[in-house]
2 protein chains.
Amino acid sequence: MLEERIRHAALRSRVMLADEAQRYIQNGMNVGVSGFTKCGDVKAIPKALARRAQRSGEAFKINLFTGASLGEAESILAKANLIDRRMPYQGDPTLRAGINKGDVRYVDQHLSHMAEWVRGGILDIDIAVIEATAITENGGIVPTTSVGNSATFVQRARQVIVELNLSVPTSFEGLHDIYLPKDRPYRSWIPIQTVSDRIGTPYIPCDPEKIVAIVVNDEPDSDSKIQSADGDTQRMAEYILEFFDWEVRQGRLPDNLLPLQSGVGSVSNAVLSGLKRSRFENLNIYTEVMQDAVFELFEAGKVNYASASSFALSEKMSRHVLSSIDSYRDKMVLRPQEISNHPEVVRRLGVIAMNTALEVDLYGNVNSTHVTGSKMMNGIGGSGDFARNAALTIFVTKSVAKDGRISSVVPFVSHVDHTEHDVDVLVTEQGIADLRGLAPRERARMIIEKLVHPDYKDALLDYYTRAARRGGHTPHLMEEALSWHARLEQVGDMRKTRGLVRVQ
Amino acid sequence: MLEERIRHAALRSRVMLADEAQRYIQNGMNVGVSGFTKCGDVKAIPKALARRAQRSGEAFKINLFTGASLGEAESILAKANLIDRRMPYQGDPTLRAGINKGDVRYVDQHLSHMAEWVRGGILDIDIAVIEATAITENGGIVPTTSVGNSATFVQRARQVIVELNLSVPTSFEGLHDIYLPKDRPYRSWIPIQTVSDRIGTPYIPCDPEKIVAIVVNDEPDSDSKIQSADGDTQRMAEYILEFFDWEVRQGRLPDNLLPLQSGVGSVSNAVLSGLKRSRFENLNIYTEVMQDAVFELFEAGKVNYASASSFALSEKMSRHVLSSIDSYRDKMVLRPQEISNHPEVVRRLGVIAMNTALEVDLYGNVNSTHVTGSKMMNGIGGSGDFARNAALTIFVTKSVAKDGRISSVVPFVSHVDHTEHDVDVLVTEQGIADLRGLAPRERARMIIEKLVHPDYKDALLDYYTRAARRGGHTPHLMEEALSWHARLEQVGDMRKTRGLVRVQ
């Protein structure tokens, strides 16, 4: 069994228990691990680190760098209080609490950018811990259900620990396409012209001498729970599908659309599900994460090819995909996140980007990350990589949250992740607003008309009208722009938008 | 004379006066004109349009699309009240007033993006008006001192008017490199690997049938006035040069740095001037605009090659460059702004981007465009194209403005053009802050320590301390975040930051 999985004979002697292997990780180290939206993450070493902390009482912390969010591993490390610095994305409740207390130094960064920092020497990786399907004859590491930043970590780390996961079938080999841009100034173009282009190797090249330990494991990925579509998400999906139809009829999109990207979330999932029943065919996917809906589209015969950096599947779909991966091999590819999200490729292909907003404002600025300006939810993830470079950038959000106490359409977003310059279309369950080519005052009127919940329409119109009277290209009232958020913090409901707020 | 300039014989019959040619422009048309930072802009047709409005009293307006800012033409059209919609950048006082009153519908957009909207059918161009050095045998249009969006306008417009400018020497032919990406999904990579790569034609391809009029003119470009460096800008330039030196010694930049981009402004100019006296050699420039300092660097033998979309020169330097263009021909190229600013190329080359901020905040967000959130200054220009994709993104600003009444470092910027995710280094005359890899609370402490003017240090530290106590990843006090701006509007001085502001 291990001979099939570890084809470089000399490396078989480096198989050891996780409790031994974790000793290579020292206090203060920069540790780069595999894992993206809970897929292909390392599992045994984080547990061993937590055991070490518990047993020895040793005070040690690591700086944890990943592809994106980890599964159970993140929670284990966070609960054991082992994370000092964290980058570039997370989604764990315990870690989030630490981040918002200021205990964990979290750097929320575009997913396509971190590899540049590592390659450019801004960020040194001491040790990489990578989940693998197999190790090739030449020491190459075959990833599992995600690629993320693993190739860059392996390239730059001084040492590598491999977690060989026996629960992933060996037939995963061949699914991945590992390509890393060269250092500047010697870099060339990324030769991807269609989503299916393969430009690299099916494994992560690795000097076998760097592999200091191999840990064998058979734990499956944590499953991804996606809220099922409700009436609102269904309606939003329908607006988007009607909009696609309109754009095709205007000659602005080809019949099979352009390659689709969709962030993790129930609306994106509903759009993809809606496509199953649509007239659109021969679709292509160029995204960072393949959710269940992508495989449902495959089943429905709607998709030609899908490119991503990771899966994010329910337990049921995961079992299906793992057992039938052979039938998908020539229909999909998993790439490093630097490539799946690369501005060069995203702009060239003309991706249609669909992502979820936390809140949007009168002029089309989008907040994807912060609750009332201060509290981090998860992170920007790849939304900026795609939004900034896509042919068509769509953000979706329900018009209200928390039983109506929060309006997702506000005068001024409390944090900006995507600026007015980068947002084309906004969608709520109230309607859809195509903002392209509109001046700010036109955008404001359209957003109030189409997107705002009835409970907040008068208040937002009132704000805009008074601001516009005062003048300006993008009319605002500085003393009031963030008052909806201040009110929410003070009385727990944005609907009470009038009154006095004490400002120091 | 005209035979040399109009080499397509049949087109010579289309030479006419501007007053005749302007009749092709009708009320409500989308007019795409040449011009970028006051260079290579159309000059005769705007004047003729203004004469028509004055003479006939006819109420007509056009939608004006350009490369970037125009020279005198912009002012003439604005004063005659002939502009309805305007995109993607401007810098004229009369037009600015119209924009801020809401009379002109201005769409402030990344300079590399507009061509995609035109190509993608989001924005139809009815007629293009392009300044030219010459027309080739096959109808190709040789631009003058800028390329901007001219090639895309010509490609998509139904009709083209050429303004032949005899003040530009015929030896300008060969300076330009015109390359346009194909429509999706047939697009390939942009094959630029070094700043000097030429990948297109030296003229804008044009079906001669589309050229409905040729107007002959000999008016020179308006000159660019750049404030000369004072002690503060000089100091900022020195910080940046020291930083470059440090990065080279850390092995993070090559000895000759990476290709430099600098926005128009006195600090960028001072940095380039500082490079004249530095140890750096064999520099390359990949930017949108070549200011005087680029030519001074050439004279000093410091620059190998410069790529841009336009000049922006003082009258004196303009005369020098126009008279000695032959000696620069193999050292520089003018490209379409879609290419000079293209994310694909900017990221591949690893450009060092230096641009000016209007204000920055505690966490590194940058406002480049709006005064107290509402009033447009000029526009985002290419700063986002470069900032978002550069290897190193630097923003500079003096720490205070208006004799100290305004702090350029504020709790919360009143408009976000560049998010915290996209800003690496900030510089004021107080110091330099390298924010890469830092969590928001670390950034805040560094920004307060290094960048803030002493008059505002205590107030900003006080804001941050109280916010951090309340908690959050990016600590803010929603009721107070924009109070510095509100105070400025109310009493004209941000130093009076305490007191009550009535919030409705």
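**Exercise 1.** Leaving aside its neighbours within four places in sequence, which residues is His473(B) in contact with? Locate His473(B) in its chain and decide whether it is buried or exposed.

*Solution.* Keep in mind that you are working with a predicted model.

- Step 1: start with the chain itself. His473(B) sits in the loop that joins helix H17 (454–470) to helix H18 (483–491) of chain B.
- Step 2: list the partners. From chain B, His473(B) touches Pro440(B) and Arg441(B). From chain A, the partners are Ile99(A), Asn100(A), Tyr106(A), His370(A), Ser374(A), Lys375(A) and Met376(A).
- Step 3: check accessibility. The relative accessible area of His473(B) is 4%; buried means under 20%, so His473(B) is buried.

**Exercise 2.** Work out what relation links chain B to chain A, and how the contact surfaces of the two copies compare.

*Solution.*

- Step 1: recall the general idea. Two copies of a chain are related by a rotation about an axis and a shift along it.
- Step 2: superpose. A turn of 180° with a shift of 0.0 Å along the axis lays chain B on chain A, with an RMSD of 0.0 Å.
- Step 3: name the relation. This is what a two-fold axis gives.
- Step 4: find the axis in the chain. Within chain B, Glu344(B) has the C-alpha nearest the axis, 2.1 Å from it.
- Step 5: compare surfaces. Both copies use the same surface, since 100% of the contact residues of chain B recur in chain A.

**Exercise 3.** Describe the interface of chain B and chain A by its residues, its area and its polar links.

*Solution.*

- Step 1: count residues. Chain B brings 94 residues to the contact and chain A brings 94 residues.
- Step 2: take the area. About 7,800 Å² is buried between the chains, and carbon and sulfur atoms give 51% of that.
- Step 3: look for charge pairs. There are 12 salt bridges between chain B and chain A. Arg347(A) makes a salt bridge with Glu116(B), with the closest N and O atoms 3.0 Å apart.
- Step 4: widen the search. The interface holds 44 residue pairs in polar contact, both residues being at pLDDT 80 or more.
- Step 5: sort by class. The side of chain B that touches chain A has 30 nonpolar, 35 polar and 29 charged residues.

**Exercise 4.** Why can helix H4 (residues 72–79) of chain A be called largely enclosed?

*Solution.*

- Step 1: find the buried residues. In H4(A) they are Ala73(A), Glu74(A), Ser75(A), Ile76(A), Leu77(A) and Ala78(A).
- Step 2: draw the conclusion. Six of its eight residues are buried, so H4(A) is largely enclosed by the rest of the structure.
- Step 3: name the surroundings. In chain A, the buried residues of H4(A) pack against helices H3 (44–56) and H5 (93–101) and strands E2 (62–65) and E3 (83–87).
- Step 4: follow the chain onward. Just after H4(A), Asn81(A) adopts a positive phi of about 60°.

Terms used. Residues numbered from 1 in each chain as written. Chains lettered and ligands numbered in written order. Predicted model: local features only at pLDDT ≥ 70, side-chain atom pairs only at ≥ 80, totals over all residues. Heavy atoms only, no water. Buried < 20%, exposed > 50% of the residue type's maximum accessible area, 1.4 Å probe, protein only. Helix = DSSP H or I, 4+ residues; strand = E, 2+ residues; numbered from the N terminus. Contact = heavy atoms within 4.5 Å. Least-squares fit on C-alpha atoms with pLDDT ≥ 70 in both. Buried area = accessible area lost by both parts, 1.4 Å probe. Salt bridge = Lys/Arg side-chain N within 4 Å of Asp/Glu carboxyl O. Polar contact = N/O pair within 3.5 Å; in protein donor to acceptor, adjacent residues only side chain to side chain. Nonpolar A, V, L, I, M, F, W, Y, C, P; charged D, E, K, R; others polar.
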